[in-house]
Amino acid sequence: MKILYKRIYKEMEEIKQVRKNKRFVKELLTDRAQSNRTDPYVYQYRTLDSFWAIIQSDSFWATNARFSNDQEEQSLGMKKLQEVLEENDDSTLTLGDCYIVCFCDEDDKLSQWRGYAPEGVSIGFDFNNVRPFYIKKRNDDKKNKDEYLQVYNSCYKVQYITENISRNEFAVKFDLNLSDNENNHENIRNQASDIISYVKHSGFYEEAESRLMFSDRDVDLSDCIHYRQVGNLKVPYIIVKADGGDTFKKQKCMLRLNLEESLGKKAEKELPKYLMRAKLKNIEVVNCRDMVRGRTDDRICFGCSLREAYIPGINGQNPKCRYSCDKGQSFYIRSNNEIYISNSEGQEKAYDTVMSFLREQEKEFKDVKVWCEGHLPIRSITVGNLRNKGIVVESIRHYCNQHYWLRCVDVKASATPFRSSLI
């Protein structure tokens, strides 16, 4: 038990530190709450070849930020941050080596089909909350087991600026304190990579970008860097997964319920009995919407999509999350009608059993989705307007059906009648 609580405490500290480091950039959660957006996901537009590489490897390639399609990536942000600090010497700002994975806030968007996937797909991900990611170390001799670096991170919004943006306007964008105080300036310098890496030229505004950013200022990436050939360049990248191998599977399997109140109470009562009859004994069922208990999963909750937004004082009846930034802070729970299965050795069997339980409930639970942690949180796949898009949709659906963690993914064809120019 002491080991368990020690791990929980460490996890809490990691999450709090990420929030502290990223306090200058805008969270997806807050933006969606303030704009009343109902779509909780971010989207990546990929060619078919790239899509299959992602889905088969269950991983991303995060590319060094200096090799993005923005020629002024990092340099524009560096220049403006120097203006904020009223310094001309960029040696005071240490960026480190930054690696990014880019997403669009919108699905089925014409400009994204044109620019990135004229014959490809859009993949919808749930990257709203701070969660663990695993960066794969190089295994050059292929003889040893794969090793990973665990990093807590989340997806944050890019801020678009022009070259003539004023010092004050830039400070407002990132909520920076302009007071002429050395301690204040030192705090800004320390988080330079967490500011500059989310700056992009306003010419790219149409992309509505959010991104994951990993920096060697947070963890030593020297043993994780690979290179891919692009023309006559060797472009550096790192491999990012949602699972860190067998070591991270040796935990108790937990089912977290985010269901409408009546469904949640029924599942909380009946599902444990069903699991026992299936001889699955070491599984705990937690109803995350249980207002009486007033808490989320006390064991391994690192944030799933039920935490739609952190909004202080929105409703005194909302349960308190143990990861809240302040003791008095509550979070809003959106009824997703989803069940989350923790990353554990018995995950697949638990998934099959939960799905059997849901099918036996007939129509009552027919719209419930079951997601498996330890895999990329893919929630939807939209196929662009390929000439053979019907068979591509069928192929992807068939593949997803053969991999249990993908069976609830929504696979559909694009509604945008785009095709490559005929002229």
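Here is a quick tour of one sheet, one pocket and the confidence scores in this structure.

Keep in mind as you look around that this is a predicted model. Across the protein chain, the pLDDT averages 82, and 81% of the residues score at least 70. Two stretches fall below 50, and you can find them in this table.

| Residues | pLDDT | Contacts in the model |
|---|---|---|
| 291–300 | below 50 | 36 contacts beyond near neighbours in sequence |
| 308–332 | under 50 | 64 contacts beyond four places in sequence |

Where pLDDT is low, don't read the predicted coordinates in detail.

Now for the sheet. Which order do its strands follow? Going across, you meet β14-β13-β17-β18, which makes an open sheet of 4 strands with mixed pairing. Strands β14 (283–287) and β18 (369–372) sit at the edges with a single partner strand each, so one side of each has no neighbour in the sheet. On average, neighbouring strands here are turned by 20 degrees against each other, if you ignore direction.

Zoom in on β13 (residues 253–258) and β17 (residues 338–341): they run antiparallel and are joined by 4 bridges. Asn 258 stands opposite Glu 338 in β17.

Helices join the picture too. Helix α9 (residues 261–277) lies across β13 and β14, and runs at about 175 degrees to β14. Helix α10 (residues 347–360) packs on the sheet and touches β13, β14, β17 and β18. The direction of α10 makes about 175 degrees with that of β18.

On to the pocket. The largest pocket has a volume of about 880 Å³. It is lined by 32 residues, and the closest to its centre are Gln 44, Arg 46, Trp 61, Thr 63 and Arg 228. Elements giving two or more residues to this lining include β1 (42–47), α3 (48–57), β2 (59–64) and β11 (226–230). Sorted by class, the lining has 17 nonpolar, 10 polar and 5 charged residues.

Methods: Residues are numbered from 1 along each chain as its sequence is written. This is a predicted model: local features need pLDDT of at least 70, side-chain atom pairs count only at pLDDT 80 or more; totals for chains, interfaces and linings use all residues. Side-chain values use heavy atoms; hydrogens and water are left out. Two strands pair if DSSP finds at least two bridges between them. Axes are lines fitted to C-alpha atoms, for helices over the stretch in contact, and angles run from 0 to 180 degrees between N-to-C directions. Contact means heavy atoms within 4.5 Å. On a 1 Å grid over the protein atoms alone, a cavity is a set of points where a 1.4 Å probe fits but cannot get out, and a pocket is an open set with protein on both sides within 12 Å along at least five of seven lines; lining residues have an atom within 4 Å of a point. Grid points are joined across faces, edges and corners, and a volume is the space filled by probe spheres set on the points. Ala, Val, Leu, Ile, Met, Phe, Trp, Tyr, Cys and Pro count as nonpolar, Asp, Glu, Lys and Arg as charged, and the others, Gly among them, as polar. pLDDT is the predictor's confidence in each residue, from 0 to 100.
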